[in-house]
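Morning, everyone. I have one model to go through today, and I'll take charged pairs and then packing. Let's put it on the screen.

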Amino acid sequence: MAETTVTIKYWISGEDEYPLYYREGGTQKGAWAEFLKKLEDAGVHAEYVKEHDGAAITAADAIDLLQRGELDMIPGMPAELIAGKEDTIAASGVIYRNELTAVIKKGDPEVPADSVDSCYWGIEQAYLALTEGTALDGHTLDFNTRKEMYAALKGDSIYGALIKRSSQDYEAYVGGRFSFEPCPVIAVPYGECVFMRADGGEINGLINEICDELADKYLRLGYEKEHGAGGTALSGTEAGYAGLLAKAYDTNSVLTVVSCAGVAGTLVFGIMAAALSAKHRKHKKLERVKLASFAADNPAKELYELDIKKQELYAYDNFAVFGSVPADIPNPVSLKLLSTLLGYDFTAHFADVTPHCSTIYHNRLIIHVGGKKMYLAEDGHRVGDVLYFAMTNVREA
């Protein structure tokens with residue numbers, strides 16, 4: 001073993017994932033365990049950073065920390081997410097073909113393979129970009145953590161959750177009972193790699209070299225793309241992990257890994273039945289009613305919905321929190337027109353609210369309306385392309 005001369009900091013995306021990173025007999029195993037061991041043998045000590053400012057690090061946090069130079073690498077990231085980040089992040093070669101797949105609540109009807117535009121799927125925020133340009137685009141609600149996403153699934157806020165296939169494979173491998181049903185009609189392929197600081201220098205060269213070695217072993221065991229008359233699909237070779245796991249899935253009485261029969265799942269996704277679509281619309285309507293009743297007894301508070309893509313603001317009580325306002329404000333109103341009518345630049349105020357920003361929202365503004373100076377506090381959360389928030393007149397609350 002080489003003498004350790006360098007220490008680098010990392011966060012790893014995904015534990016309990018087969019065959020990538022899992023514990024067996026008290027020992028950490030899998031591709032990323034091999035990767036860390038090879039680094040150590042080459043004289044590089046990798047320090048696992050789990051928290052930042054006292055809070056557990058999420059995948060989205062880790063990417064931010066890497067771009068700021070507070071982390072040196074993130075094993076287990078989708079190579080496809082590097083687009084637009086090349087100035088600050090470098091990606092190693094792909095070592096394993098993974099995929100996002102879906103789970104649903106036990107007992108719910110499985111989605112047929114047509115479209116997904118009648119329901120919402122949960123996804124961890126860091127992986128949201130993987131759905132852009134697919135049938136899932138615009139039909140996902142992103143969460144900071146998988147724990148939050150599973151809570152939403154249990155509470156019927158979403159129909160299904162998009163997770164890494166490798167985490168589902170781990171449950172099958174260890175013979176665990178699935179908390180949710182696999183929904184194999186959704187498969188979004190991606191390549192597992194290591195994200196590194198773009199200015200990582202010689203360390204990056206070593207990381208790339210190790211990943212090339214691992215690819216020789218793990219690429220042939222993953223889920224591969226196949227092209228045919230029926231479109232693009234994913235399959236795993238019978239010698240690969242998809243084949244090895246078939247018996248485990250059968251034992252769980254949940255899903256047979258159909259890749260052994262040739263196809264692991266269609267790539268152009270599923271749809272919900274009309275009844276489930278109606279259920280979702282009813283749920284959203286009930287949520288609006290609950291939000292409206294929450295603010296009804298507090299004239300200093302009003303609820304709003306901001307359509308981020310349309311740049312339109314909807315007021316639950318016709319902008320009552322502003323007191324005396326021009327009577328001709330349409331509802332909903334574009335941010336541009338609202339800025340003109342109230343003399344405050346709402347377009348700039350909401351400029352940082354994007355489909356990929358934090359799901360938690362807090363902001364403040366001072367505005368003059370009808371000759372009166374108002375101090376307003378905004379608190380809410382973003383769900384997909386919509387920001388739900390309360391605006392409170394803090395001087396009167």
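Start at Arg197. In this predicted model, Arg197 has a relative accessible area of 23%, so it counts as partly exposed. Its partner is Asp72: the two form a salt bridge, with the closest N and O atoms 3.1 Å apart. Where do the partners sit? Arg197 is in strand S13, residues 181-197. Asp72 is in the loop between helix H2 (59-67) and strand S7 (73-78). So this pair ties together parts that are 125 residues apart in sequence.

Still on salt bridges, there is also a network. Glu17, Lys164 and Glu192 are joined into one by salt bridges that share partners.

How many salt bridges does a search of the whole structure find? The count is 14. Let me pick out two that involve helices.

Take Glu34 and Lys217. Their side chains meet in a salt bridge at 2.9 Å, N to O. Glu34 lies in helix H1, residues 31-41, and Lys217 in helix H5, residues 202-218, so the pair links parts 183 residues apart in sequence. Are these two buried or exposed? Neither: Glu34 is partly exposed at 27% relative accessibility. Lys217 is partly exposed too, with 36% relative accessible area.

Now Glu213 and Lys38. Here the closest N and O atoms of the salt bridge are 3.3 Å apart. Glu213 lies in helix H5 and Lys38 in helix H1, so this pair ties together parts 175 residues apart in sequence. Glu213 has a relative accessible area of 38%, which makes it partly exposed. Lys38 is partly exposed as well, at 29%.

That's the charged side. On to packing.

The largest nonpolar core has 36 residues. Which residues have the most contacts inside it? They are Ile74, Trp121, Tyr127, Ile186 and Phe195. Several elements give two or more residues to this core: H2, S7, strand S9 (96-104), strand S10 (121-124) and S13. S13 gives the most, with seven residues.

Look closer at Phe195. Leaving out residues up to four places away in sequence, Phe195 touches a list that includes Leu66, Met73, Ile74, Met77, Leu81, Ile82 and Ile89. Asp72 is on that list too. That's the Asp72 that forms the salt bridge with Arg197. So keep S13 in view: Arg197 lies in this strand, and S13 gives seven residues to the core.

That's my tour. Questions, please.

How values were computed
Residues are numbered from 1 along each chain as its sequence is written. This is a predicted model: local features need pLDDT of at least 70, side-chain atom pairs count only at pLDDT 80 or more; totals for chains, interfaces and linings use all residues. Side-chain values use heavy atoms; hydrogens and water are left out. A salt bridge is a side-chain nitrogen of Lys or Arg within 4 Å of a carboxyl oxygen of Asp or Glu. Helices (H or I, at least four residues) and strands (E, at least two) are DSSP runs, numbered from the N terminus. Buried means under 20% relative accessible area, exposed over 50%, partly exposed in between (1.4 Å probe, protein chains only). A nonpolar core is a set of buried Ala, Val, Leu, Ile, Met, Phe, Trp, Tyr and Cys residues joined through side-chain atoms within 4.5 Å. Contact means heavy atoms within 4.5 Å.
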